[in-house]
Amino acid sequence: MKFVFPTDNEIPFEIRHYLSEQGYMIEIMEMYAIQPNVFTKEILDITVVVEFLTEHDLSGYLALHYDEEFRWGESYERDKQNMLTRNFNEHRKVQIIAKIDGQVVGSVDVIVEKETAEIDNLYVQPHYQRRGIGTKLQQFVMEQYHDKSILLVADGEDTPREMYTKQGYSYIGKQYSAIKMNLD
């Protein structure tokens with residue numbers, strides 16, 4: 001169950017307290033935007049292949065997300081794996097992967113609309129983080145959707161704000177939600 005509150009409105013204390021007592025987790029999402037020509041490019045010292053997800057790499061893509069999802073419970077992991085598989089077949093949701101030596105080590109989903117492309121579910125395997133792979137995935141998005149505004153929605157509690165600002169993103173706002181999951 002998920003309740004989403006109006007943009008830039010913090011959840012009042014009384015409601016937050018009630019939701020907490022009922023077992024809800026409070027989530028804060030931040031939105032950023034950028035025009036692709038503003039994105040700061042970086043040169044990587046690691047060989048990364050970034051490409052659109054194909055049937056050939058679907059199992060590697062799903063495996064990449066498995067451990068991260070399983071920590072939230074078996075039913076969450078199962079539901080998320082099913083959603084990622086459904087998204088693979090939906091034309092407005094594009095999945096992009098980063099590979100090193102043929103192994104999928106990172107991915108990003110892009111929700112494509114008429115005037116925007118929203119970066120969603122950007123993930124890099126922990127062992128490969130802080131090597132520029134996330135940046136390389138974003139660069140690919142900027143090149144592919146150069147004629148659109150790029151939106152990025154990120155977890156407000158562990159968002160690498162400095163990185164997004166350094167890359168040229170502008171902060172748009174934040175949104176609170178309350179989530180209650182049935183964990184196995």
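A residue is called buried when its relative accessible area is under 20%, exposed when that value is over 50%, and partly exposed in between. The exercises below apply this to a predicted model.

**Exercise 1.** Determine whether Ser107 is buried or exposed, and state which residues it touches.

*Solution.* Begin with the location: Ser107 belongs to strand 5, which covers residues 103–112. Next, take the relative accessibility of Ser107, which is 0%, and because buried means under 20%, Ser107 counts as buried. Finally, list the contacts: when residues up to four places away in sequence are not counted, Ser107 touches Tyr61, Leu64, His65, Ile96, Ile97, Asn121, Leu122, Tyr123 and Leu137.

**Exercise 2.** Classify Arg92 by its accessibility and find where along the chain it sits.

*Solution.* Arg92 is placed in the loop between helix 3 (74–88) and strand 4 (93–100). Its relative accessibility is 30%, and therefore Arg92 counts as partly exposed. With neighbours within four places in sequence left aside, Arg92 is in contact with Val110, Ile111, Val112 and Glu113.

**Exercise 3.** Work out the order of the strands in the sheet, and which strands stand at its edges.

*Solution.* The open sheet is formed by eight strands in the order 1-8-2-7-6-5-4-3, with mixed pairing. Strand 1 (2–4) and strand 3 (49–52) each have a single partner strand, so one side of each is left without a neighbour in the sheet, and these two stand at the edges. Direction ignored, neighbouring strands of this sheet are turned by 25 degrees against each other on average. Within the sheet, strand 5 pairs with strand 6 (residues 116–124) in the antiparallel sense over six bridges, and Val110 has Ile119 in strand 6 as its bridge partner.

Conventions. Residues are numbered from 1 along each chain as its sequence is written. This is a predicted model: local features need pLDDT of at least 70, side-chain atom pairs count only at pLDDT 80 or more; totals for chains, interfaces and linings use all residues. Side-chain values use heavy atoms; hydrogens and water are left out. Helices (H or I, at least four residues) and strands (E, at least two) are DSSP runs, numbered from the N terminus. Buried means under 20% relative accessible area, exposed over 50%, partly exposed in between (1.4 Å probe, protein chains only). Contact means heavy atoms within 4.5 Å. Two strands pair if DSSP finds at least two bridges between them. Axes are lines fitted to C-alpha atoms, for helices over the stretch in contact, and angles run from 0 to 180 degrees between N-to-C directions.
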